[in-house]
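Trainee: I would like to go through the labels on this model. Please set each one against its definition.

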Amino acid sequence: MRFGGDEFLCGLTSVTQAEVQERIEKVKAALADGPDQVAITVGLATLGPDETIDELFRRADAAFYSTRKRR
């Protein structure tokens, strides 16, 4: 789902955070090795108990911008 500007959301179920991180690293590597050498920034968040989707989105967005600042 497009979230805004050049930001997209992707929800995954039935996977661990470690599995998601592994998938993200594979995507990053494939993009970096491609002809255009594209890079992406990812904000990863896991839905907590009693947490709303809006809270999850805010945490993912904060994680994204935190990661972006470190680049």
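Mentor: We take the helix, the ring pair, the loop and the salt bridges in turn.

Mentor: This is a predicted model, where local features need pLDDT of at least 70, side-chain atom pairs count only at pLDDT 80 or more, and totals for chains, interfaces and linings use all residues. Residues are numbered from 1 along each chain as its sequence is written, and side-chain values use heavy atoms, with hydrogens and water left out.

Trainee: What makes the span of helix H2 close to the expected one?

Mentor: Helices are DSSP runs of H or I with at least four residues, numbered from the N terminus, and strands are E runs of at least two. The expected span is 1.5 Å times one less than the number of residues. H2 (residues 53-70) has 18 residues, and its first and last C-alpha atoms are 26 Å apart, close to the expected 26 Å.

Trainee: Why is Phe-64 called buried?

Mentor: Buried means under 20% relative accessible area, exposed over 50%, partly exposed in between (1.4 Å probe, protein chains only). Phe-64 has 13%, so it is buried.

Trainee: How do you know that the buried residues of H2 line one face?

Mentor: They are Leu-56, Ala-60, Phe-64 and Thr-67. Seen down the axis, they fall within an arc of 75 degrees, so they line one face of H2. The arc is taken from the directions from the helix axis to the C-beta atoms. These residues pack against strand S2 (7-8), with contact meaning heavy atoms within 4.5 Å. On the other side of H2, Asp-54, Arg-58 and Lys-69 are exposed.

Trainee: Why is the pair of Phe-64 and Tyr-65 called edge-to-face?

Mentor: Rings of Phe, Tyr and Trp (its six-membered ring) pair if their centres lie within 6.5 Å; planes under 30 degrees apart are stacked, over 60 edge-to-face, the rest tilted. Here the centres are 4.8 Å apart and the planes make 80 degrees, so both tests are met.

Trainee: What does Thr-41 touch?

Mentor: Thr-41 lies in the loop between helix H1 (17-33) and H2. Leaving out residues up to four places away in sequence, Thr-41 touches Phe-64, Thr-67, Arg-68 and Arg-71.

Trainee: What makes Glu-51 and Arg-59 a salt bridge?

Mentor: The rule asks for a side-chain nitrogen of Lys or Arg within 4 Å of a carboxyl oxygen of Asp or Glu. Their closest N and O atoms are 2.7 Å apart, so the pair qualifies. Glu-22 and Lys-26 also form a salt bridge, at 3.5 Å.
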